[in-house]
Amino acid sequence: MREEDCIFCKIANGEIPSRTLYEDDDFRVILDLNPVTKGHALILPKDHYRNLYEIDDSTAAKVLPLARKMAVTMTEKLGCDGFNVFQNNNEIAGQTVFHFHMHLVPRYDDDSQSFVMPPCGMTEEQLDAVRDAIVG
C-alpha cells in the first residue's frame with residue numbers, strides 16, 4: 001500500500017532518484033540528503049506506514065536484521081568507530097517525514113555529534129508508578 005503524495009513512498013519505489021545502497025522487495029536503503037555523519041542512511045519500507053504504531057509485524061520483523069546487515073557492511077566499508085540506529089515517531093520525537101524509516105548513523109571519533117539523552121531524574125516511587133501504569 002502506498003500513499004500518493006508521500007515523498008518516501010516515491011523514493012522507496014524508485015519514482016524519485018536516490019543514492020541507493022540496498023534494495024529488495026520490501027525496502028530501499030538510501031543515503032540521507034542531509035547527513036549528520038558520513039554514510040548516514042535511511043531504511044525505507046516500500047509500503048507506507050506512518051510510523052512504528054502502524055507498521056505491520058511482518059515488515060517490522062525484517063527491519064532490524066536489515067539494519068544489522070547494513071551496519072556491518074557500512075562499518076567495514078567506511079571504517080567508522082561505532083553506530084547509531086534509531087527511529088522517530090511523531091513530531092514531538094523528531095519525526096519530520098511521516099513514513100516509517102530507520103536512521104543508520106555511522107559514528108566517528110571526531111564527528112562531534114552527540115545523541116546522548118540526559119536522565120530525567122525519576123525517583124524509585126515514580127519508576128514504580130510508571131511500571132504499574134504500563135503493566136497494570
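**Reading a sheet, strand by strand**

Biologist: Which residue in strand 5 is the bridge partner of Phe86?

Modeller: In strand 5, Phe86 has His103 as its bridge partner. Before we go further, please keep in mind that this is a predicted model, in which local features need pLDDT of at least 70 and side-chain atom pairs count only at pLDDT 80 or more, while totals for chains, interfaces and linings use all residues. Residues are numbered from 1 along each chain as its sequence is written, and side-chain values use heavy atoms, with hydrogens and water left out.

Biologist: How many helices and strands does the protein chain have?

Modeller: Helices (H or I, at least four residues) and strands (E, at least two) are runs assigned by DSSP and numbered from the N terminus. By that reading the protein chain has 3 helices and 5 strands, and along the sequence they follow the pattern α-β-β-β-α-β-β-α.

Biologist: In which order do the strands of the sheet stand?

Modeller: Two strands are said to pair if DSSP finds at least two bridges between them. Here 5 strands form an open sheet with the order 1-2-3-5-4 and antiparallel pairing. Strand 1 (20-23) and strand 4 (82-86) are at the edges with a single partner strand each, so one side of each has no neighbour in the sheet. On average, neighbouring strands of this sheet are turned by 15° against each other, direction ignored; for such angles, axes are lines fitted to C-alpha atoms, for helices over the stretch in contact, and the angles run from 0 to 180 degrees between N-to-C directions.

Biologist: How many bridges join strand 3 to strand 2, and how many join strand 3 to strand 5?

Modeller: Strand 2 (residues 27-31) is joined to strand 3 by 5 bridges, and within this antiparallel pair Phe27 stands opposite Pro45, while Arg28 has Leu44 as its bridge partner. Strand 3 is also joined to strand 5 (residues 102-107), again antiparallel, by 3 bridges, with Leu42 opposite His103. Strand 5 in turn pairs with strand 4 over 5 bridges in the antiparallel sense.

Biologist: Which residues of strand 3 point one way, and which the other?

Modeller: In a regular strand the side chains alternate between the two faces of the sheet. In strand 3, Ala41, Ile43 and Pro45 point one way, and Leu42 and Leu44 point the other way. We call a residue buried under 20% relative accessible area, exposed over 50%, and partly exposed in between, using a 1.4 Å probe and protein chains only. By this rule, 5 of the 5 residues of strand 3 (residues 41-45) are buried. Strand 5 is covered on both faces as well, with Met102, Leu104 and Pro106 buried on one side and His103, Val105 and Arg107 buried on the other.

Biologist: Why does Gly82 count as partly exposed?

Modeller: Gly82, which lies in strand 4, counts as partly exposed because its relative accessibility is 26%. Contact means heavy atoms within 4.5 Å, and, leaving aside residues up to four places away in sequence, Gly82 touches Val105, Pro106 and Arg107.

Biologist: Where does helix 2 lie?

Modeller: Helix 2 (residues 57-78) lies across strand 1, strand 2, strand 3, strand 4 and strand 5, and it runs at about 20° to strand 5.

Biologist: Which residues lie nearest the centre of the largest pocket?

Modeller: On a 1 Å grid over the protein atoms alone, a pocket is an open set of points where a 1.4 Å probe fits, with protein on both sides within 12 Å along at least five of seven lines, and its lining residues have an atom within 4 Å of a point. The largest pocket is lined by 21 residues, and Phe8, Asp32, Leu33, Leu42 and Val97 lie nearest its centre. Helix 1 (7-12) and strand 2 each supply at least two lining residues, and helix 1 gives the most, with 3 residues.
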